[in-house]
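Good morning, and thank you for making time for this presentation. I shall ask you to keep the sequence and the structure in view while I speak.

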Amino acid sequence: MRLDIISIFPEYFAPLDVSLIGKARERGTLDVRVHQLRDWAHDVHRTVDDTPYGGGPGMVMKPEVWGEAIDAVIGDVGGDVGGDVGGAVGGASAEDEGHVTPQTAAPRAGGLPRLIVPTPSGRPFTQELAQELAQEPWLLFACGRYEGIDSRVMEEYSGRLRVDEVSIGDYVLAGGEVAVLVMAEAIGRLLPGVLGNAQSVVDDSFAPGSMENLVEGPVYTKPPVWRGHEVPAVLLSGHHGNVARWRRDEAIRRTVRNRPELAAALDPEKLDKHDRKLLDELSFRVRRKDVAN
């Protein structure tokens, strides 16, 4: 997978050099290219924002700068150039890293990226969406700042690319960089070979299948007793069926306690008798009409 990221703070993405994502980059599983948006601003101050039409506080990111940046990364309308050279993670300059421009870009291999714009007003970023995006060969992230990117940018590229405005939660950040780090890790760890144990993805919170609309329950490791706290006996029993049942029960309990809106969305058709009995015990936290038929 290739990830292109456009930002006024390329240095924000140094964490993509470490841990699982860093190893995936070293192996060539993940190709991350970070671009400095200001390199497409042509005034002496490299301005990327201006005051909003209609008044109000804050500044809005200028469409012409974003348009040039995106065009340079994905290739001109004619498709004869593309972004096969990019800035390195850590904020290296265009001069050091071979900045993408229509003059320096190599021929595009074919296809276009899916454009992801982090914004509090976007669709929720979920495990399901992460799995969907992990199937894409090329993603382009546009990191907004201030009051956001001029809306005409998304209008313009929605006719040329698949464009998703995505929110990682119901809160506001100073910019899209943190959200892109979150999404890059959530997506990157789903790529084949990135995790040491592929089963980890199946057992994740929110994963489609048995964990859909559930969060993962408590986990334990050695020693069996620590400061007087014992590991649940079932986990030491060696009985795989009982362990699996205990883990599902604990996932249901924790979901009802911490995320009742998810528990309310459980599909009654996918619940077994044991699930139903447990949910009946916890019915004060779950709308009965949503968990029984």
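Asp275 has a relative accessible area of 1%, and because the limit for a buried residue is under 20%, Asp275 counts as buried. Please bear in mind that this is a predicted model. Which residue forms a salt bridge with Asp275? The partner is Arg245, and the closest N and O atoms of the two are 2.5 Å apart. Arg245 belongs to helix α8 while Asp275 belongs to helix α10, so this pair ties together parts that lie 30 residues apart in sequence.

Arg245 also meets the side chain of Asp249 in a salt bridge, at 3.0 Å from N to O. Arg245 and Asp249 are four residues apart in helix α8, and are therefore separated by about one helical turn. As a general point, an α-helix has 3.6 residues a turn, so residues three or four places apart point the same way. Asp249 is buried as well, with a relative accessible area of 12%.

Let us now consider helix α8 as a whole. The helix runs over residues 240–258, and its 19 residues, at 1.5 Å each, should span 27 Å. The C-alpha atoms at its ends are indeed 27 Å apart, which agrees with that expectation. Several residues of α8 are buried, among them Val243, Trp246, Ile252 and Val256. Against what do the buried residues of α8 pack? They pack against α9, residues 260–264, and against α10, residues 273–281.

I turn next to the other salt bridges. The structure holds 21 of them. One joins Glu64 to Lys62, with the closest N and O atoms 3.0 Å apart. Is each partner buried or exposed? Glu64 is partly exposed, at a relative accessible area of 44%, whereas Lys62 has 19% and counts as buried. Elsewhere, salt bridges link Arg114, Arg123, Glu132, Glu136, Arg162 and Asp164 in a network.

Arg123 appears again in the surroundings of Ser167, a residue of strand β7. Ser167 is buried, with a relative accessible area of 5%. Not counting residues up to four places away in sequence, Ser167 touches Thr119, Pro120, Gly122, Arg123, Pro124 and Phe125.

My next residue is Tyr157, in helix α5, which covers residues 151–158. Its relative accessibility is 3%, and it counts as buried. What does Tyr157 contact, if we leave aside its neighbours within four places in sequence? The list is Gly67, Ile70, Asp71, Ile74, Leu115 and Val163. For Gly67 there is a further detail: the side chain of Tyr157 reaches the backbone oxygen of Gly67 at 3.0 Å. As for Ile70, its C-alpha atom is separated by 9.0 Å from that of Tyr157, although the two residues are 87 residues apart along the chain.

Finally, I should like to move to the surface. Phe9, Tyr12, Tyr171, Leu173, Val178 and Val182 make a nonpolar surface patch of about 460 Å². Where is Leu173 placed? Leu173 is in the loop between β7, residues 162–167, and α6, residues 177–188. With a relative accessible area of 34%, Leu173 is partly exposed.

To close, I return to the starting point: Arg245 forms salt bridges with Asp275 and with Asp249, and both Asp275 and Asp249 are buried. Thank you for your attention.

How values were computed:
Residues are numbered from 1 along each chain as its sequence is written. This is a predicted model: local features need pLDDT of at least 70, side-chain atom pairs count only at pLDDT 80 or more; totals for chains, interfaces and linings use all residues. Side-chain values use heavy atoms; hydrogens and water are left out. Helices (H or I, at least four residues) and strands (E, at least two) are DSSP runs, numbered from the N terminus. The expected span of a helix is 1.5 Å times one less than its number of residues. Buried means under 20% relative accessible area, exposed over 50%, partly exposed in between (1.4 Å probe, protein chains only). Contact means heavy atoms within 4.5 Å. Patches are made of residues with over 30% relative accessible area and no salt bridge: like charges are joined within 9 Å, nonpolar side chains (Val, Leu, Ile, Met, Phe, Trp, Tyr) within 5 Å. Accessible areas come from the Shrake-Rupley method with a 1.4 Å probe; for residues, only the protein chains shown count as cover. A salt bridge is a side-chain nitrogen of Lys or Arg within 4 Å of a carboxyl oxygen of Asp or Glu. A polar contact is a pair of N or O atoms within 3.5 Å; within protein, one must be able to donate a hydrogen and the other to accept it, and residues adjacent in sequence count only if both atoms are side-chain atoms.
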